[in-house]
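Hi,

Here is the structure I promised to pass on. Have a look at it first, and then read on for what turned up.

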Amino acid sequence: MNDVPDRGWRGSADLWLDAAHALLLEGGVEAVKVAPLAARLNLSRTSFYHHFADRDALLAALIARWQAQNTANLVARCEAYAETIAEAVLNVFDCWIDVRLFDSAMDFAIRNWALTAPDLADLLQQTDQVRLAALSALFRRFGYDEAQADTRARVIYLTQVGYISMRSAESLEVRLKRIPAYVMAFTGTAATDQEMARFSARHL
């Protein structure tokens with residue numbers, strides 16, 4: 001056997017999941033296998049089964065992590081308190097800046113994975129609708145009619161999906177400089193200097 005001898009330490013479920021997340025980003029879902037994970041962690045393969053029933057259970061946990069981080073945080077930022085539509089959209093933009101709120105690399109990996117996994121493709125479609133609904137509700141909250149809210153939500157979301165799909169590399173400095181123009185383009189109103197200062201302070 002090639003297993004590392006079991007010395008009693010089996011890691012933790014989060015440790016195995018973190019390693020699986022890294023492999024998914026590096027090589028896609030086909031790279032996420034028990035033996036490479038064990039080698040990366042210097043743990044025995046039998047230790048993996050202390051935390052997960054099988055590889056399918058690990059993959060399900062990865063999908064659950066993606067939903068809990070990316071979708072839940074995006075919805076929460078859409079619902080966060082704001083006095084103006086510009087401030088509300090800046091709350092959403094937190095997701096595009098802070099990987100702790102929204103892991104764009106994970107979203108890219110999930111979208112690639114879904115190309116060969118029909119069940120995941122269905123879930124992804126449902127997830128996109130949840131995110132769009134949250135963005136649309138944000139605009140309706142500030143008086144935009146149904147058509148305007150839906151269209152503006154799509155413009156914001158599909159722009160970001162484009163960033164993700166193209167794996168666009170943009171420094172934080174460049175992204176922050178573009179934010180005021182994005183707010184104007186997406187909402188039809190300008191963010192105030194105070195709103196931009198509060199937003200920048202969260203990310204500098």
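A definition to begin with: a salt bridge here is a side-chain nitrogen of Lys or Arg within 4 Å of a carboxyl oxygen of Asp or Glu. Please keep in mind that this is a predicted model, where local features need pLDDT of at least 70, side-chain atom pairs count only at pLDDT 80 or more, and totals for chains, interfaces and linings use all residues. Residues are numbered from 1 along each chain as its sequence is written, and side-chain values use heavy atoms, with hydrogens and water left out.

**Overall picture**

The protein has 10 helices and zero strands (DSSP runs, with H or I over at least four residues for a helix and E over at least two for a strand, numbered from the N terminus). Its C-alpha atoms fill a box of roughly 65 × 35 × 30 Å along the principal axes. Of its 204 residues, 44% count as buried; that means under 20% relative accessible area, while exposed is over 50% and partly exposed is in between, using a 1.4 Å probe and protein chains only. Taking contacts (heavy atoms within 4.5 Å) with a separation of 6 or more, 68% come from residues 24 or more positions apart.

**Salt bridges**

There are 14 salt bridges in the structure. One of them joins Asp94 to Arg202, with 3.1 Å between the closest N and O atoms. Asp94 sits in helix α5 (residues 85–97) and Arg202 in helix α10 (residues 193–203), so this pair ties together parts that are 108 residues apart in sequence. Asp94 is buried, at 3% relative accessibility, whereas Arg202 is partly exposed, at 40%.

Arg111 is worth a look too. Its salt bridge with Asp107 has the closest N and O atoms 3.5 Å apart, and the two residues are four apart in helix α6 (residues 104–114), about one helical turn. Arg111 also forms a salt bridge with Asp128, at 2.8 Å between the closest N and O atoms. That pair links distant parts of the chain, since Asp128 belongs to helix α7 (residues 118–141) and lies 17 residues from Arg111. Arg111 and Asp107 are buried, and Asp128 is buried as well. Together with Arg131, these three residues form a network of salt bridges.

**How α5 meets α9**

Two packed helices are described by the angle between their axes and the distance between the axes. The axes of α5 and helix α9 (residues 172–187) come within 10 Å and cross at roughly 140°; axes are lines fitted to C-alpha atoms over the stretch in contact, and angles run from 0 to 180 degrees between N-to-C directions. The two helices are therefore oblique to each other, as angles under 35 degrees count as roughly parallel, over 145 as roughly antiparallel, 65 to 115 as roughly perpendicular and the rest as oblique.

On the α5 side the contact includes Val89, Phe93 and Trp96, and on the α9 side Ile179, Tyr182 and Phe186 are among the residues involved. By class, this contact has 12 nonpolar, one polar and one charged residues (Ala, Val, Leu, Ile, Met, Phe, Trp, Tyr, Cys and Pro are nonpolar, Asp, Glu, Lys and Arg charged, and the others, Gly among them, polar).

**One loop residue**

Tyr81 is in the loop between α4 (55–79) and α5, and it is exposed, with a relative accessible area of 63%. From C-alpha to C-alpha, Tyr81 and Asn91 are 8.6 Å apart in space and 10 residues apart in sequence.

Best wishes
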